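I opened the file to look up helix packing, backbone outliers and ring contacts. My notes follow in the order I took them.

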Amino acid sequence: MRLSPAPPWTAAIFKKRGGGLGLVAVAYLGVDYLRHLSPSWHSRLQPALWAVLALIAVARVPFYRHWPAELRSAVVFVAAMLFMLSTLLFEALSVRSVTAVLGLDWHRDTAPLPDTGQWLLLALNEKLPQILVEVLRARIIGLHHFLMLFVMLAFSVLFDSIEAPGLGIGARYMFTMAVGRFLRAITFVSTILPSPRPWCASTRFGVPAHPHRWAQKYYVPYASDVNAIRQVIYQDIAYADIAEYNDVYCPNWGSMNFLIDFLRPTVNEGSSWYHLLKKAGGGCNDLMYSGHMLVAVLTAMAWTEAYGGFSSAFIWMLVIHSAQREIRERHHYSVDCIVAIYVGILLWKMTGFLWPTKTASRVRKLNKLEKIQSRLVQAAKDSDVEEVRELLKEVELGSNAPESQKGMQLFAGATIFSALTIVLLAFTWTSDG
């Protein structure tokens, strides 16, 4: 039984050349910004907008023609997701460790680094019109917004706004992010930078006030004394003694006990290492480079490559706005945001093999067209319009053999349900930035 054409109003919403996806993105950001202007209207409109977008996407599922391509990308998508989750766990351990190793006293007493980007923004506050300064200060977009913008982009494959498969661009996005987060973690653990917000560590973490024995032996005695620094350089050996503290807390984490040295838990933080990592809500010294900006840049790169147009320029404007806000509010130094921008661009360019946009699709279609060329010519000679349509449909789908209709329906249902669940969880977990 052949499916009837999809309702035209659903396709029109995301129609590429009409800029529909860009309008949906602007509507989403506008509705979400109401949380600052009118919380009551925000509480009504945001769930309604989410529900409408989800229903529109589900309504297009039966008419989507590229499920075989999605099936081929499913394994890569799952592998990329598992890789990303593992790198996020490694990053969470590193975030806690770089704060815990020096103790809260060091974080409170150490001055932030001089940042010329922060100076420039403060100087612009005195020169620019006040209304423009207020726009720059406005919390228009955050981490969860960029994630949602990518989700919209990926789901727009149901409306043929971007190149199929949607799981392909999802796999590329997660794999690139995982590589970027791993590189970020090994970068900020290499050299611990003082936070631009000296109170951050004591607000978010309950680590001991005194430094860890590693910091006591290899850093603290030689941190400020010029003669001590010269001596340790000349001798190339640590000579300081380690102090003894009696308030060291050692919970029973079973096979995870090796993490105690890295995380330095305290009695007030509970006995679970997993909840210890979750409760901080972000780090203080995981600065080089900015994880928020990495997500923003990857979203902008994906949007530019897959969709293009004026909406992509709008996304990049949001990236720049987000960067200056990260610097203005002293969540990051300027260098953290600058490095995140070019690292994100380079990483996205390097992972094109996971989701080649037009070239791979064109090659598959040409190969399929070459195989059915004789049948297509014969159908044209016979004036069999219906046969010509079916052959062209095979070329469009790029499938050499028909897939099981029931199997494709089950896969489609499972994919949409899983994707919506992942979106809901990701959005909930990152709503606080």
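**Entry 1: the H2 and H3 pair**

I noted H2 and H3 as roughly antiparallel to each other, because their angle is over the 145 degrees that this label requires. The model is predicted, so I kept local features to pLDDT of at least 70. The angle I read for the axes of H2 and H3 (residues 39-60) is roughly 155°, and the axes come within 7 Å. I put the handedness of this crossing down as left-handed.

Next I checked the length of each helix. H2 covers residues 20-37, and its 18 residues should span 26 Å at 1.5 Å a residue. I found its end C-alpha atoms 25 Å apart, which agrees. For H3, with 22 residues, I got 32 Å from the first C-alpha to the last, close to the expected 32 Å.

Which residues of H2 are buried? I listed Gly20, Leu21, Gly22, Val24, Ala25, Tyr28, Leu29, Val31 and Asp32. The list for H3 reads His42, Gln46, Leu49, Leu53, Ile56, Ala57 and Arg60. I marked Asp32 as one of the buried residues of H2, and Arg60 as one of those of H3.

**Entry 2: the H15 and H17 pair**

I then looked at H15 and H17 (residues 334-350), which pack at an angle of about 40° with their axes 8 Å apart. That makes H15 oblique to H17. I recorded this crossing as right-handed.

**Entry 3: backbone outliers**

Most residues other than glycine have a negative phi, and most peptide bonds are trans, so I searched for exceptions.

Where does Asp160 lie? I placed Asp160 in the loop between H8 (143-155) and H9 (166-188). Its phi is near 60°, a positive value in a residue other than glycine. Asp160 has 41% relative accessibility, so I entered it as partly exposed.

I found a positive phi of about 55° at Asp236, which is not a glycine either. Asp236 lies in the loop that runs between H12 (226-235) and H13 (260-263). Is Asp236 buried or exposed? I entered Asp236 as exposed, because its relative accessibility is 69% and the label applies over 50%.

I also noted a cis peptide bond, from Met288 to Tyr289, with omega near 0°. Tyr289 has its place in the loop between H14 (273-278) and H15 (291-306).

**Entry 4: rings**

How many aromatic pairs are there? I counted six. I wrote out one of them, Phe90 with Phe182, at 5.6 Å centre to centre and 40° between the planes. I entered this pair as tilted. The pair links distant parts of the chain, with Phe90 in H4 (residues 67-100) and Phe182 in H9, 92 residues apart. I checked accessibility for both rings' residues: Phe90 is partly exposed at a relative accessible area of 31%, and Phe182 is partly exposed at 36%.

Last, I looked for charges over rings. I found the charged end of Arg44 over the ring of Trp41, 5.3 Å from its centre. I also found Arg172 over the face of Trp348, at 4.0 Å from the ring centre.

Methods:
Residues are numbered from 1 along each chain as its sequence is written. This is a predicted model: local features need pLDDT of at least 70, side-chain atom pairs count only at pLDDT 80 or more; totals for chains, interfaces and linings use all residues. Side-chain values use heavy atoms; hydrogens and water are left out. Helices (H or I, at least four residues) and strands (E, at least two) are DSSP runs, numbered from the N terminus. The expected span of a helix is 1.5 Å times one less than its number of residues. Buried means under 20% relative accessible area, exposed over 50%, partly exposed in between (1.4 Å probe, protein chains only). Rings of Phe, Tyr and Trp (its six-membered ring) pair if their centres lie within 6.5 Å; planes under 30 degrees apart count as stacked, over 60 as edge-to-face and the rest as tilted. A charge sits over a ring if NZ of Lys or CZ of Arg is within 6 Å of the ring centre and within 35 degrees of the ring normal. Axes are lines fitted to C-alpha atoms, for helices over the stretch in contact, and angles run from 0 to 180 degrees between N-to-C directions. Angles under 35 degrees count as roughly parallel, over 145 as roughly antiparallel, 65 to 115 as roughly perpendicular and the rest as oblique. A crossing is left-handed if the near helix is turned anticlockwise from the far one by less than a right angle, and right-handed if clockwise.
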